[in-house]
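User: I would like a close look at one part of this model. Please start from a single residue and work outward through its surroundings.

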Amino acid sequence: MSRHAGGEQERGTDRGRGVIEGAFALLEALRRCGGEAGLTEIAAACALPKGSAHRLLEQLLLVGAVERRGSRYRVGSQLYRLGQAWEPHPGLRVAARHPLHRLRAATGASALLTVLHDGRALTVASVPGEAEPLVPVRNGMSFLLDTAAGQVLSGRGRAGSGGRLPGAVLECAEVMDGVCCAALPVRGRDNRTLAAIAVMTLSAQGLQRAAQEAARAAAAVTAASYGPAPRPVCLPSCTTDASPDTGLLTWSAPLRAPVPLSGTRVERRTAVRQSVLRAGRRAGRKH
């Protein structure tokens, strides 16, 4: 390849990169503007000429990344669908869905799941509660690391601030007036903190109870993500000694057979049933 051709290819790559960066700058500007804005507002937020911003927006319209309502633009449904595929840890958001709703029902507090991302506590699942008028919770919003959730994720929590709850951080009106927060770690199998469950309430009196409920929710998320660790169970062995007339198999001395207890309840029952049948066939062949 000649130097001239190589230079043209590099310039084309740079132009393509510049277009992509400009498109994402526009999308970020839309997010900062509350999800919807006019061309002048978007161009000013990105420090782009209106003509350049208009051309990029028209291209984003063609692929469904943005939508237009009158003279205003907003984030498109295609981006929403793509965003749902992002997972900070496999299965974490799905595992948190029911525990967060139970936490909200038990406490009335706003409940959210956060992960450490780009030096902030990023909300990946949330259920609005009583703190909504002061702190609206939305998936995608992020908090500084001096918040309770941020301290849990960064490991900067003050020792003993959570009382008898290991790893908990409780704070009241320290970050925002009138809002109390408790955060608990969601841990992986290696005991590493993967996420933080937080509850935000308007009452300091119920904060300790909210923290206890959050601890239960964090444990439920961990269990739903990974399930109980496999361990052996004690199964009986089969003999025909107890009923010689009929030859029916009866249970006698215990026989240890490793049966994994991970998976769903139906899968565990199936595994136990198959192990019992195998033990019965082996005992039948012996007799």
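What relative accessibility does M176 have, and what does it count as?

Analyst: This is a predicted model. M176 has a relative accessibility of 38%, so it counts as partly exposed. The bounds for that class are 20% and 50%.

Start with the location. M176 lies in a loop. β7 (169–172) comes on one side of that loop and β8 (180–187) on the other.

Now the surface. M176 belongs to a nonpolar patch of about 330 Å². Its other members are L134, V175 and L202.

Next, the strands that flank the loop. β7 and β8 run antiparallel, and four bridges join them. One pair to find in the view is V169 with its bridge partner A183, which sits in β8.

Both strands belong to an open sheet of six strands. Read across, the order is β6-β5-β4-β9-β8-β7, with antiparallel pairing. β7 is one edge of the sheet, and β6 (142–143) is the other. Each of these edge strands has a single partner, so one of its sides has no neighbour in the sheet.

Cross to the β6 end. Two bridges link β6 to β5, again antiparallel. Here L122 pairs with S142 of β6. β5 spans residues 120–127, and six of its eight residues are buried. β5 is therefore largely enclosed by the rest of the structure.

β4 (residues 110–117) comes next in the sheet order after β5. Seven bridges join β4 and β5, which run antiparallel. A111 faces V127 of β5. The two strands make a hairpin with two residues between them. In that turn, D118 takes a positive phi of about 55°.

Last, a helix for comparison. α2 covers residues 39–46, and its buried residues are L39, I42, A43 and C46. Viewed down the helix axis, these residues fall within an arc of 95°, so they line one face of α2. The spacing fits a general rule: an α-helix has 3.6 residues a turn, so residues three or four places apart point the same way. Just past α2, A47 has a positive phi of about 60°.

Back to the starting point. M176 is partly exposed. It sits in the loop between β7 and β8. It shares a nonpolar patch with L134, V175 and L202. One of the two strands flanking that loop, β7, is an edge strand of the sheet.

Methods:
Residues are numbered from 1 along each chain as its sequence is written. This is a predicted model: local features need pLDDT of at least 70, side-chain atom pairs count only at pLDDT 80 or more; totals for chains, interfaces and linings use all residues. Side-chain values use heavy atoms; hydrogens and water are left out. Patches are made of residues with over 30% relative accessible area and no salt bridge: like charges are joined within 9 Å, nonpolar side chains (Val, Leu, Ile, Met, Phe, Trp, Tyr) within 5 Å. Accessible areas come from the Shrake-Rupley method with a 1.4 Å probe; for residues, only the protein chains shown count as cover. A salt bridge is a side-chain nitrogen of Lys or Arg within 4 Å of a carboxyl oxygen of Asp or Glu. Buried means under 20% relative accessible area, exposed over 50%, partly exposed in between (1.4 Å probe, protein chains only). The arc is that of the directions from the helix axis to the C-beta atoms. Two strands pair if DSSP finds at least two bridges between them.
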